[in-house]
Amino acid sequence: MRRTYLLEIVMVAVAVAFLFPVYTLIALSLKDPAQISQTPLALPAPPTLDNFAKAWSAAALGPSLVNSTVITGVSLVALVALGSFAAYFLARAQSRLGYGLYILFLLGIVLPFQLGMIPLYELVNDLGLLGTHAGMILFYTGIQLPFTVFLYTGFIRALPRDYASAAQIDGASHLTAFTRVVFPLLRPITGTVLILNAVFVWNDFFTPLLYLGGSGFETVPVSVFAFVGQYVSDHGLVFAGLVLGALPIVLVFLVLQRYVIKGFSSGLKG
Amino acid sequence: MTHLTVDKPPRSRPAPAGRPGPLGRFSASSPSWLFAAPALVVYVAVVLYPAAAGVVYAFTDWSGIGQEMSFVGVANFLTLLDDEQAMGSIGNTLLLTLAIVAVQNGVGLLLALGVHAKLRSRAMLRVVFFSPVVVSPVMVAFLWKYVYNPDPSAGLNGLLGLRVDWLGDPSVALWSIAGMVVWQYAGYSMVIFLAGLEGVPTELHEAAMIDGAGTFQRFRYVTWPLLAPAVTINLMLSTIGGLKLFDQIFAATNGGPGYATETLSTVLYKQAFVFGKFGYSTAIALVLALFVAAVSLVQVYYLRSREVAS
């Protein structure tokens, strides 16, 4: 038992050291410029909320939050729908076509997006989708499909076929068997798919900078990036902006964290 | 065993004979390929077609403006060989990836072993270590830019009493970038290892203990072999992530000081958007893609061969 106590002390100490950058972030966001230059490491005394009020309006975070929410939400729905349907075929197909398509999808995990970056920019431009939510949603759905298909296919392969077979003996079509019987069984992996894709889409920076820069539909990371560039020397203000920009996804994570880590485990174990 | 590994083709897998389910040997027909059609259309339009077009652009001198371009054969690749800055960025990319893969997975494994034990604070510790994963890499880079500032009274220097110019000293900057990436993603590796650890049956540990195996021996001969699938997926994800790394460098150093943190992804970005050499930029992207493909293939074949069925 003594060894468990010792391990607990070590792990808590590691966690405290690990949190140092987070302490810096929050402490500086609560300090005025004089405190930051004189006592950079100390606790804010007295703490001030001025930075937050100023950062909220200067970074135009309200509209960006709406943009990020719309783009992330619709992309997640499309990814779950397209990804689970495709994986059902890929996991159950007995043909070479099924295996070939599976490998084709896996290729997308390995390909760096930079290779198609410029042709895709042209395509989005030609379709008139530059600077729109629809363009970003199409992009995220395509770029995250390989990983989504990969997770779903592994999970479905480990599911017994009997449930769907039973439904089909009762006269259900493949479509009905999938939507009524199989899809509800995919709940654990759907949780993982939602969380991992939400984190990626919400936080992605470079593509929205390229596709949405100057459109008035900027997402949170792009707005924060522009804001930081503008107030680069005022660390209290910049850090208040970072706290506000990161807060939504961190709050979602803290509320769902039990499911995040459990979904992760079950997703990986299948 | 984990399913985050590339499965062999279904044909080469023997049917699970002798274990018919409750429905006997009945097996329904396979679902139609139309199930995969909508996903395939989006995937081809957004990923495959642009990547294929990128391969074509890599052999042109396209400037990014207008339709004017001509095929220049392998000229872009010859330029790359002569381009000291770009060649140096290949070395930086590989060093950075190696450092991230080694440290992130080492730390991730230690954290996983720590929070797998029955500690009172284990739930909270998991949340603490995983939290940075959910924050945008660009924002993490801005935070660390301050943590790494050269002022001896602030940030990491102030905490440790050092006088290091973490991002300004060319011999340190690349490792500083690796440090902030490891800080952000060690929790990701931890969770994947944790999923592997939770799949190790406790009876095996008990049996080994009865046989007199110590803590280290139990790890080496019981836990470690059964962690192989988690090792595979962790190494693959961190390698691919390291090779493609862009946002953190772009926000923290933009390749500097000098060319000390310039990697393939920052060089190809500058060639396209600063110098307008889109053909050359895509040629560098193609080299990056070949690196990622080669490393992934080697890892898949080598690591899978040492996985044991659990």
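## Helix contacts and salt bridges

In helix α7 of chain A, the residues L115(A), G116(A), I118(A), P119(A), L120(A), E122(A) and L123(A) touch a group in helix α1 of chain B, made up of A45(B), V46(B), Y49(B), P50(B), A51(B), A53(B), G54(B), V55(B) and Y57(B). Sorted by type, the residues of this contact are 13 nonpolar, 2 polar and 1 charged. Please keep in mind as you look around that this is a predicted model.

How do the two helices sit against each other? Two packed helices are described by the angle between their axes and the distance between the axes. Helix α7(A) covers residues 113–126 and helix α1(B) covers residues 37–57; their axes lie 7 Å apart, at an angle of about 110°. That angle falls within 65 to 115 degrees, so α7(A) is roughly perpendicular to α1(B). The crossing of α7(A) with α1(B) is right-handed.

Now let us turn to a pair within chain B. Helix α3(B), residues 84–116, and helix α10(B), residues 228–244, have axes that come within 9 Å and cross at roughly 145°. This crossing, too, is right-handed. From α3(B), the residues T93(B), L94(B), T97(B), I100(B), V101(B), Q104(B) and N105(B) take part, and they meet N234(B), L235(B), S238(B), T239(B), G242(B) and L243(B) of α10(B). Here the residues of the contact comprise 5 nonpolar and 8 polar, with no charged ones.

Next come the charged pairs. Side chains of opposite charge can pair when their charged atoms come close. How many salt bridges does the structure hold over all chains? There are 2, listed here with their N to O distances:

| Acidic residue | Basic residue | N to O distance |
|---|---|---|
| E198(B) | R126(B) | 3.6 Å |
| E262(B) | K270(B) | 2.8 Å |

What does the pair E198(B) and R126(B) tie together? E198(B) belongs to helix α7 of chain B (residues 173–198) and R126(B) to helix α4 of chain B (residues 122–130), so the salt bridge links parts that are 72 residues apart in sequence.

Are these side chains buried or exposed? E198(B) has a relative accessible area of 32%, so E198(B) is partly exposed. Its partner R126(B), at 12%, is buried. In the other bridge, E262(B) has a relative accessibility of 1% and counts as buried, and K270(B) is buried as well, with 15%. The reasoning is simple: buried means under 20% relative accessible area.

Key. Residues numbered from 1 in each chain as written. Chains lettered and ligands numbered in written order. Predicted model: local features only at pLDDT ≥ 70, side-chain atom pairs only at ≥ 80, totals over all residues. Heavy atoms only, no water. Axes fitted to C-alpha atoms, helices over the stretch in contact; angles between N-to-C directions. Helix = DSSP H or I, 4+ residues; strand = E, 2+ residues; numbered from the N terminus. Left-handed = near helix turned anticlockwise from the far one by under 90°. Contact = heavy atoms within 4.5 Å. Nonpolar A, V, L, I, M, F, W, Y, C, P; charged D, E, K, R; others polar. Salt bridge = Lys/Arg side-chain N within 4 Å of Asp/Glu carboxyl O. Buried < 20%, exposed > 50% of the residue type's maximum accessible area, 1.4 Å probe, protein only. Parallel < 35°, antiparallel > 145°, perpendicular 65-115°, else oblique.
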